[in-house]
Amino acid sequence: MRIIAVGIAEIKVVQPPALLRTNLGSCIAVCIYDPATATGGLLHFMMPRSLQGTAIVKKAKYADTGIQELVEEVKRMSQAKSCSGFVAKIFGGARVLQNISSDIGSNNEEAARRILKEMGIPITASQTGGDRGYKIEFDVGTGIARCQRFGEEAKEY
């Protein structure tokens with residue numbers, strides 16, 4: 001099986017056999033899966049929204065532009081006419097920087113949930129929050145995501 005690393009502010013979309021892998025702190029991983037074609041993708045975004053009126057250099061850096069781009073790429077690869085039938089799983093959003101007054105992780109999670117709801121894509125699983133990072137592995141052949149919060153046992157979603 002191919003193991004494909006997804007870095008910060010990146011999107012990867014593949015068909016099986018492949019495992020998408022990323023590590024998270026306050027960032028969020030959004031896994032989108034089309035069960036009809038076993039096509040899946042993972043977005044690792046850093047911030048909830050892009051700045052209005054500025055040129056967006058990297059769409060995957062933000063929830064508002066990255067989730068839309070991820071869904072479009074899954075639609076393209078799966079040749080789906082719409083995202084009806086797609087499902088999502090979200091992970092991350094930890095509060096790893098205790099000295100910052102803004103809870104970036106929580107803001108990221110809230111943005112992901114809102115955008116997916118607006119797009120009509122149900123979130124079928126999630127593990128978010130806490131104060132430790134995450135390791136995520138998303139098997140696009142099965143649609144199963146494996147999430148391990150650092151220092152804990154991994155769980156399948």
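Let's start at L116 in this predicted model. Setting aside neighbours within four places in sequence, L116 is in contact with V30, I32, I67, A88, I90, I121 and I123. If you select L116 in your viewer together with those residues, you will have a good starting point for the interior.

L116 belongs to the largest nonpolar core, a set of 22 residues. Within this core, L116 is among the residues that touch the most other members, along with V30, I32, L43, I67, L70 and I121. Several elements feed into this core: the strands β2 (10–14), β4 (28–34), β5 (39–45) and β6 (87–92) each supply at least two residues, and so do the helices α1 (63–78) and α2 (104–119). The biggest giver is α1, with five residues. There is also a second core, separate from the one just described, with 21 residues. Among its members are V14, C27, C31 and C147.

With the interior in view, we can step back to the fold. The protein chain holds two helices and 10 strands. In sequence order, these elements run β-β-β-β-β-α-β-α-β-β-β-β. The radius of gyration is 14 Å, close to the 15 Å that the globule rule gives for 157 residues, so the protein chain is as compact as a globular protein of that length. If you prefer a box, the C-alpha atoms fill one of roughly 45 × 45 × 25 Å along the principal axes.

How much of the protein chain is buried? Buried residues account for 46% of the 157 residues. As for contacts, take those between residues at least 6 apart in sequence: 60% of them join residues at least 24 apart. On the outside, the accessible surface of the protein chain is about 7800 Å², and carbon and sulfur atoms own 50% of it. The charged side chains number 20 positive and 16 negative, and the centres of these two sets lie 2 Å apart.

Now for a walk from the start of the chain. R2 sits in strand β1 (residues 2–5). Is R2 buried, exposed or partly exposed? Its relative accessibility is 44%, between the 20% and 50% cut-offs, so R2 counts as partly exposed. Leaving out neighbours within four places in sequence, R2 is in contact with V14, Q15, P17, A18 and L19. One of these partners, V14, is also a member of the second core. R2 and D139 are 137 residues apart along the chain, yet their C-alpha atoms are separated by 9.9 Å.

Another partner of R2, P17, brings us to the backbone. Most residues other than glycine have a negative phi, and most peptide bonds are trans. The bond joining P16 and P17 is cis, with omega about 0°. P17 itself lies in the loop between β2 and β3 (18–24).

Two residues are worth a look for their phi values. A9, in the loop between β1 and β2, has a positive phi near 60°. Q79, in the loop between α1 and β6, also has a positive phi near 60°. Which of these two is buried and which is exposed? A9 is buried, because its relative accessible area is 6%. Q79, at 68% relative accessibility, counts as exposed.

Key
Residues are numbered from 1 along each chain as its sequence is written. This is a predicted model: local features need pLDDT of at least 70, side-chain atom pairs count only at pLDDT 80 or more; totals for chains, interfaces and linings use all residues. Side-chain values use heavy atoms; hydrogens and water are left out. Helices (H or I, at least four residues) and strands (E, at least two) are DSSP runs, numbered from the N terminus. The radius of gyration is taken over C-alpha atoms; the globule rule is 2.2 Å times the number of residues to the power 0.38. Buried means under 20% relative accessible area, exposed over 50%, partly exposed in between (1.4 Å probe, protein chains only). Contact means heavy atoms within 4.5 Å. Accessible areas come from the Shrake-Rupley method with a 1.4 Å probe; for residues, only the protein chains shown count as cover. Lys and Arg count as positive and Asp and Glu as negative; His and the chain ends are not counted. The place of a charge is taken as NZ of Lys, CZ of Arg, CG of Asp or CD of Glu. A nonpolar core is a set of buried Ala, Val, Leu, Ile, Met, Phe, Trp, Tyr and Cys residues joined through side-chain atoms within 4.5 Å.
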